[in-house]
Amino acid sequence: MILPGQQIGVLGGGQLGMFFAEAARKMGYCVIVWDPDPKAPAALAANSFICAPFDDPDALLSFLHQTKGVTYEWENIPAALVSKIEQSVTTSPSSAILRLIQNRITQKDFLRQHHFPVVPYDALDDPSTLSKKSEALGLPCIVKTAVFGYDGQGQWHLTNMDYVLALSEQLKNNANPAGWIVEKKVDLDQELSVIVVSDNTGTVITYPVSENRHEQGVLRVSRVPANIDSDLAKQATTLAANAISALKGQGVFCVEMFLTKTGELLINEIAPRPHNSGHYTMDVCSVSQFEQQVRVVCGLPIIPPELFSPSVLINILGDEIKKLTEKEQWLQKARSIDGIRFYHYKKEVIKSGRKMGHFQIFNSDAKKAMQKADTILQFLKG
Ligand code: ADP
Ligand code: MG
């Protein structure tokens, strides 16, 4: 067990690393963050910061020297680095799980082999086979890069054969050794997700189901509990817990799911880390997803969470953060309303669709929470 006062490390310095560092420090730990970006948000929340590329051998030595336990906050951390680290320091989730998850093809193959429901898909290593593969799956399809995609980036939605042929030509000139995956685009009724925590004794803990709305592939609104009947909630929770049990590892995970218009519940993808749709756990749960991550890293017991209130998350994307600071009065007003929290990630570079902060709204009446959330969303978009 790692005791308070000792230092634990996180690879990646985005907002998830920042919330991890805040949780760990509240629990009495010191935190070291490693990220190549000198402006990484988590650096400000940490005790120590290593700013170096992930393949820097001196940085690795220094990091190992300064940490008793390690985790990561992003699935695109090189698995080879995590594999080196775990040889001398306990690391969760393991590099084997990270490697499996960080490639969309190996992840979906794993789920399919274990009989978990997923969308029809095919691996695409040769772009000239795209038209054959998309015809076999049936249009519309989505092509995604096998590695390094996030927030809907590295994805192409194919609706007709002309576009398929054009994309196939475009991809031929695109050096991408890991290849792509082609997925059948399913008609979505709802998107759901569940945060799952597992430890090294095989205990698996689940959070309530979140209901998520995406815009252009980026999460925009997430409400908890999801507005679904209890049977479906049970089904989603069991599916998520079983998928994480099958991984046989420890860590905090998020299982993203699709509920199709025909009533099928499918696993979309698994994140090997806390998740945007689990931020509500910081405001309306007895234990947050980040505290659980600290617990797993330090070998403390993981805890079944209690949900205190319905809640809605609104992500602040790109330029919207400027609007908030420019219209200071509006922000002050929002801040003065009970049950609205504003989180600012302090990212210096603003890019379209980039997650810059979020609002977490809570109210014992879920409808009222949704109404407040709608008002905020109108303002951000207006
Ligand atoms: P990312 O890693 O960028 O989150 P996802 O595979 O989760 O990638 O895709 C982002 C979003 O795009 C999903 O949450 C969903 O809204 C939509 N999407 C992705 N794949 C499909 C699919 N096969 N059918 C329908 N919608 C999809
Ligand atoms: Mg996703």
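Select Met-356 in this predicted model; the residue is found in strand β18, which covers residues 355-362. With a relative accessible area of 1%, Met-356 is buried. Show its surroundings next. Leaving aside residues up to four places away in sequence, Met-356 touches Ile-316, Leu-317, Gly-318, Ile-321, His-344, Tyr-345, Lys-346, Lys-347, Val-349 and Ile-350. Draw a C-alpha to C-alpha distance from Met-356 to Leu-317: the two lie 5.6 Å apart in space, although 39 residues separate them in sequence.

One of the residues touched by Met-356 is Tyr-345, and Tyr-345 leads to the next stop. Select it together with Phe-19, Phe-290 and Tyr-343: ring pairs link these four residues into a cluster.

**The whole chain**

Zoom out before continuing. The chain has 13 helices and 18 strands. Along the principal axes, its C-alpha atoms fill a box of roughly 60 × 50 × 45 Å. A compact globule of 382 residues would have a radius of gyration near 21 Å, and the chain agrees with this at 21 Å. Colour by accessibility, and 56% of the 382 residues appear as buried. The exposed area is about 16,900 Å², of which carbon and sulfur atoms supply 50%. Among contacts with a separation of 6 or more, 61% join residues 24 or more positions apart.

**Aromatic pairs**

Return to the side chains and display the rings. A pair of aromatic rings is described by the distance of the centres and the angle of the planes. The structure holds 10 aromatic pairs. Select Trp-34 and Phe-63 as one of them: their centres are 5.4 Å apart and their planes meet at 55 degrees, a tilted arrangement. This pair links distant parts of the chain, with Trp-34 in strand β2 (residues 30-34) and Phe-63 in helix α2 (residues 57-65), 29 residues apart. Are these two rings buried or exposed? Trp-34 has 0% relative accessibility and therefore counts as buried. Phe-63 also stands at 0% and is likewise buried.

Move on to Trp-74 and Tyr-150. The centres of these rings are 6.3 Å apart and the planes stand at 80 degrees, so the pair is edge-to-face. Trp-74 belongs to the loop between β4 (69-72) and α3 (79-86), and Tyr-150 to the loop between β7 (141-145) and β8 (155-158); the pair therefore ties together parts 76 residues apart in sequence. Trp-74 is partly exposed at 29% relative accessibility, and Tyr-150 is partly exposed with a relative accessible area of 35%.

For a ring that meets a charge, select Phe-379 and Lys-323. The charged end of Lys-323 sits over the ring of Phe-379, 5.8 Å from its centre.

**Helix α5 and its two ends**

Select residues 104-113, which make up helix α5. Which residues of helix α5 are buried? They are Arg-104, Ile-105, Gln-107, Lys-108, Phe-110 and Leu-111. As background to this pattern, residues three or four places apart in an α-helix point the same way, because the helix has 3.6 residues a turn.

Now inspect the N-terminal end of α5. Asn-103 caps it, with a side-chain oxygen 2.7 Å from the backbone nitrogen of Ile-105. Beyond the other end, α5 is followed by His-115, which is found in the loop between α5 and β6 (121-124). His-115 has a positive phi of about 65 degrees although it is not a glycine. Its relative accessible area is 70%, so His-115 is exposed.

**Further backbone features**

Select Phe-148, another residue that has a positive phi without being a glycine; the angle is about 70 degrees. Phe-148 lies in the loop between β7 and β8, and at 53% relative accessibility it counts as exposed.

The tour ends with two peptide bonds. Where is the peptide bond from Ser-92 to Pro-93 placed, and what is its geometry? The bond is cis, with omega near -10 degrees, and Pro-93 lies in the loop between β5 (90-91) and α4 (95-102). Finally, select Leu-139 and Pro-140: the peptide bond between them is cis, with omega near -5 degrees. Pro-140 lies in the loop between α6 (130-137) and β7.

Note on methods. Residues are numbered from 1 along each chain as its sequence is written. Chains are lettered from A and ligands numbered from 1 in the order in which they are written. Side-chain values use heavy atoms; hydrogens and water are left out. Rings of Phe, Tyr and Trp (its six-membered ring) pair if their centres lie within 6.5 Å; planes under 30 degrees apart count as stacked, over 60 as edge-to-face and the rest as tilted. Helices (H or I, at least four residues) and strands (E, at least two) are DSSP runs, numbered from the N terminus. Buried means under 20% relative accessible area, exposed over 50%, partly exposed in between (1.4 Å probe, protein chains only). A charge sits over a ring if NZ of Lys or CZ of Arg is within 6 Å of the ring centre and within 35 degrees of the ring normal. The radius of gyration is taken over C-alpha atoms; the globule rule is 2.2 Å times the number of residues to the power 0.38. Contact means heavy atoms within 4.5 Å. Accessible areas come from the Shrake-Rupley method with a 1.4 Å probe; for residues, only the protein chains shown count as cover. A polar contact is a pair of N or O atoms within 3.5 Å; within protein, one must be able to donate a hydrogen and the other to accept it, and residues adjacent in sequence count only if both atoms are side-chain atoms.
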